[in-house]
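This report introduces one protein chain to a reader who has not seen it before. Please keep the sequence and the structure in view while reading.

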Amino acid sequence: MTNYGAIPTSSSPSANLEYISRAKDRLKAGLGTRRPWKLMYDVRSLGLPGGLRDAIARVRTNAAYFRTNYAIVVLAILFLSLLWHPISLIVFVVMMAVWLFLYFLRDEPLVLLGRPIDDRIVLAALAVLTVVFLLLTRATTNILVALLIGAVVVVLHAAFRKTDDLFLDEENAGLLTSAGAAGSSSS
């Protein structure tokens with residue numbers, strides 16, 4: 001007897017829903033490190049650095065604080081540059097999906113031939129594959145220029161964004177302000 005059109009009653013739909021729910025939670029957690037855009041682009045917190053040392057210190061602090069925001073900015077610039085190269089854009093979107101499934105959304109280590117693969121190896125392999133596949137689409141100049149523009153935008157913002165109102169975590173907020181006050185009083 002055949003059951004054409006019958007809906008299977010296995011537990012895979014609930015397993016799929018659980019996987020999607022975990023993936024959604026992990027994406028929220030990953031994007032949870034993103035800082036508010038209003039804080040990042042507050043015009044009142046822009047100013048010229050006091051010198052090269054101050055600029056470098058600002059870049060380090062802002063890069064640590066706005067890490068996820070800066071990654072989104074660079075990826076958005078890269079995405080916009082690929083709009084005129086549809087094949088490159090398709091490769092970029094496919095590689096982003098591969099990154100999500102093989103790196104960001106995994107709960108367990110990746111296993112190949114019965115051996116677990118270290119996350120650093122997965123990260124390096126995905127980075128190399130992404131660059132190689134994008135370069136194979138013959139949009140090399142476009143991709144390199146977009147990455148350069150993204151890096152310049154990030155470094156300029158980080159150098160001109162004051163760090164007085166930034167704290168890497170609430171526990172060290174008091175320590176940073178007291179250290180900053182001690183450093184400024186000794187200068």
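The sections below go from the whole chain to single helices and then to single residues.

## The chain as a whole

The model is predicted. Its chain is built from eight helices and two strands. In sequence order, the elements follow the pattern α-α-α-α-α-β-β-α-α-α.

The chain has 187 residues, of which 22% count as buried. About 13400 Å² of the chain is exposed, and carbon and sulfur atoms supply 69% of that area. Among contacts between residues at least 6 apart in sequence, 77% join residues at least 24 apart.

## Segments listed in UniProt

An unreviewed UniProt entry lists residues 63-81, 117-137 and 143-160 under "transmembrane region". In the model, the span 63-81 is 95% helix and 0% strand, with its end C-alpha atoms 23 Å apart. The span 143-160 is 100% helix and 0% strand, and 26 Å separates its end C-alpha atoms.

## Helix 4 and helix 7

Helix 4 covers residues 67-81. Its 15 residues should span 21 Å at 1.5 Å a residue, and the end C-alpha atoms are indeed 21 Å apart, so the two values agree. The buried residues of helix 4 are T68, N69, Y70, V73, L78 and S81.

Helix 7 runs over residues 140-160. It has 21 residues and reaches 30 Å from first C-alpha to last, close to the 30 Å expected at 1.5 Å a residue. I143, A146, G150, V154, H157, A158 and A159 are buried in helix 7. Against which elements do the buried residues of helix 7 pack? They pack against helix 2 (37-40), helix 3 (52-65), helix 4 and helix 6.

## A nonpolar surface patch

Seen from outside, the surface has a nonpolar patch formed by V43, L46, L48, L148, V152, L156 and F160. Together these residues have about 680 Å² of accessible area.

One of the patch residues, L156, has its place in helix 7. L156 counts as partly exposed because its relative accessibility is 45%, and partly exposed covers values between 20% and 50%.

## Helix 6 and its neighbours

Helix 6 spans residues 119-135 and contains T130. Is T130 buried or exposed? With a relative accessible area of 14%, T130 is buried, since the cut-off for buried is under 20%. Leaving out residues up to four places away in sequence, T130 touches M95 and W99.

A127 is also placed in helix 6. Its relative accessibility is 32%, so A127 counts as partly exposed. A127 and W99 are 28 residues apart in sequence, and their C-alpha atoms are 9.0 Å apart in space.

## The salt bridge in helix 3

How many salt bridges are counted? The count comes to one. It joins the side chains of R58 and D54, with an N to O distance of 3.6 Å.

R58 and D54 are four residues apart in helix 3, which means that about one helical turn separates them. R58 is buried, having a relative accessible area of 8%, whereas D54 counts as partly exposed at 31% relative accessibility.

Terms used:
Residues are numbered from 1 along each chain as its sequence is written. This is a predicted model: local features need pLDDT of at least 70, side-chain atom pairs count only at pLDDT 80 or more; totals for chains, interfaces and linings use all residues. Side-chain values use heavy atoms; hydrogens and water are left out. Buried means under 20% relative accessible area, exposed over 50%, partly exposed in between (1.4 Å probe, protein chains only). Contact means heavy atoms within 4.5 Å. UniProt positions are given in the numbering used here, feature names are shortened, and annotations may be inferred rather than shown by experiment. The expected span of a helix is 1.5 Å times one less than its number of residues. Accessible areas come from the Shrake-Rupley method with a 1.4 Å probe; for residues, only the protein chains shown count as cover. Patches are made of residues with over 30% relative accessible area and no salt bridge: like charges are joined within 9 Å, nonpolar side chains (Val, Leu, Ile, Met, Phe, Trp, Tyr) within 5 Å. A salt bridge is a side-chain nitrogen of Lys or Arg within 4 Å of a carboxyl oxygen of Asp or Glu.
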